[in-house]
Amino acid sequence: MKKLPRIRAAEPVIHGVLKIVWDDGFEGVVDLRPVIARGKIFDYLKKPENFRRLKIEEYGHSIGWIDNNGGEIDFGSDNLRTKAEDQARLFELVANMRV
């Protein structure tokens, strides 16, 4: 059984983008702007001051926010890790394409 990656630290880089450090030492940048742009559930995160209020949930299994109505918005550690790895590979491909 694969061990669930746990988040040790997370901070906004710019609005909608997080730098995340996992317990195995992996560090990655996750661009959540396309996700935030979709759906009414993410309206709270469209304001930069709200996005900065992120909390790492107990045991590092997710990152979350509580909106003004008490609703929870969260992203799981494993999903964020996959996004960070995919985005890192994409950045590396683009960097290697430069002439």
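# Group meeting talk: a walk through a predicted model

Tyr 59 is exposed, with a relative accessible area of 55%. I'm starting with Tyr 59 because 55% is over the 50% that we ask of an exposed residue. Tyr 59 sits in the loop between strand E4, residues 55-56, and strand E5. Have a look at its backbone as well: phi of Tyr 59 is near 70 degrees, a positive value in a residue that is not glycine. As a reminder, most residues other than glycine have a negative phi.

Before we go further, please keep in mind that this is a predicted model.

Let me step back to the overall layout. The protein chain has 3 helices and 6 strands, and along the sequence they come in the pattern β-β-β-α-α-β-β-β-α. If you lay the C-alpha trace along its principal axes, it spans about 50 × 35 × 20 Å. Of the 99 residues, 29% count as buried. Among contacts with a separation of 6 or more, 42% are between residues 24 or more positions apart.

A word on the surface. The chain exposes about 6900 Å², and carbon and sulfur atoms supply 53% of that. On charges, there are 17 positive and 16 negative ones, and their mean positions are 3 Å apart.

Now, inside. Which residues have the most contacts within the largest nonpolar core? They are Leu 45, Trp 65, Phe 75 and Leu 80, in a core of 19 residues. Strand E2, helix H1 (33-37), strand E5 (62-66), strand E6 (72-76) and helix H3 (77-97) each give at least two residues to this core. The largest share, 3 residues, comes from E2. That brings to mind a general tendency: in soluble globular proteins, nonpolar side chains tend to be buried together.

Let's zoom in on Leu 45. Setting aside neighbours within four places in sequence, Leu 45 is in contact with His 15, Ile 36, Phe 51, Trp 65, Ile 73 and Phe 75.

Phe 51 takes us over to strand E1, since Ile 14 touches Phe 51 too, along with Arg 33, again not counting residues up to four places away. Ile 14 lies in strand E1, residues 7-14. With 46% relative accessibility, Ile 14 counts as partly exposed. Its C-alpha is separated by 8.5 Å from that of Pro 48, although the two residues are 34 apart along the chain.

Next stop, helix H2, residues 48-51, which is where you'll find Asn 50. Is Asn 50 buried or exposed? Asn 50 counts as buried, because its relative accessibility is 6%, and the cut-off for buried is under 20%. So what does this polar side chain reach? The side chain of Asn 50 reaches the backbone oxygen of Tyr 44 at 3.0 Å. It also makes a polar contact with the side chain of Arg 53, at 2.5 Å. Beyond its neighbours within four places in sequence, Asn 50 is in contact with Tyr 44 and Trp 65. You'll remember Trp 65 from the list of core residues with the most contacts.

Trp 65 comes up once more at Gly 71. That glycine lies in the loop between E5 and E6, and it is partly exposed at 25% relative accessibility. Leaving out neighbours within four places, Gly 71 is in contact with Trp 65 and Ile 66. Gly 71 and Tyr 44 are 27 residues apart in sequence, and their C-alpha atoms are 9.8 Å apart in space.

Let's finish around helix H3, with Arg 81. Here we have a charged residue that counts as buried, because its relative accessibility is 12%. Which side chain does Arg 81 make a polar contact with? The partner is Asp 24, with 2.9 Å between the two side chains. Leaving aside neighbours within four places in sequence, Arg 81 is in contact with Pro 5, Trp 22, Asp 24 and Phe 26.

One last residue: Gly 25, in the loop between strand E2 (17-22) and strand E3 (27-31). Gly 25 is partly exposed, as its relative accessibility is 49%. Its C-alpha is separated by 9.7 Å from that of Ile 7, a residue 18 positions away along the chain.

That's my tour, thanks for listening!

Note on methods. Residues numbered from 1 in each chain as written. Predicted model: local features only at pLDDT ≥ 70, side-chain atom pairs only at ≥ 80, totals over all residues. Heavy atoms only, no water. Helix = DSSP H or I, 4+ residues; strand = E, 2+ residues; numbered from the N terminus. Buried < 20%, exposed > 50% of the residue type's maximum accessible area, 1.4 Å probe, protein only. Contact = heavy atoms within 4.5 Å. Areas by Shrake-Rupley, 256 points an atom, 1.4 Å probe, with all protein chains shown as cover. Charge placed at Lys NZ, Arg CZ, Asp CG, Glu CD. Polar contact = N/O pair within 3.5 Å; in protein donor to acceptor, adjacent residues only side chain to side chain. Core = buried A, V, L, I, M, F, W, Y, C linked by side-chain atoms within 4.5 Å.
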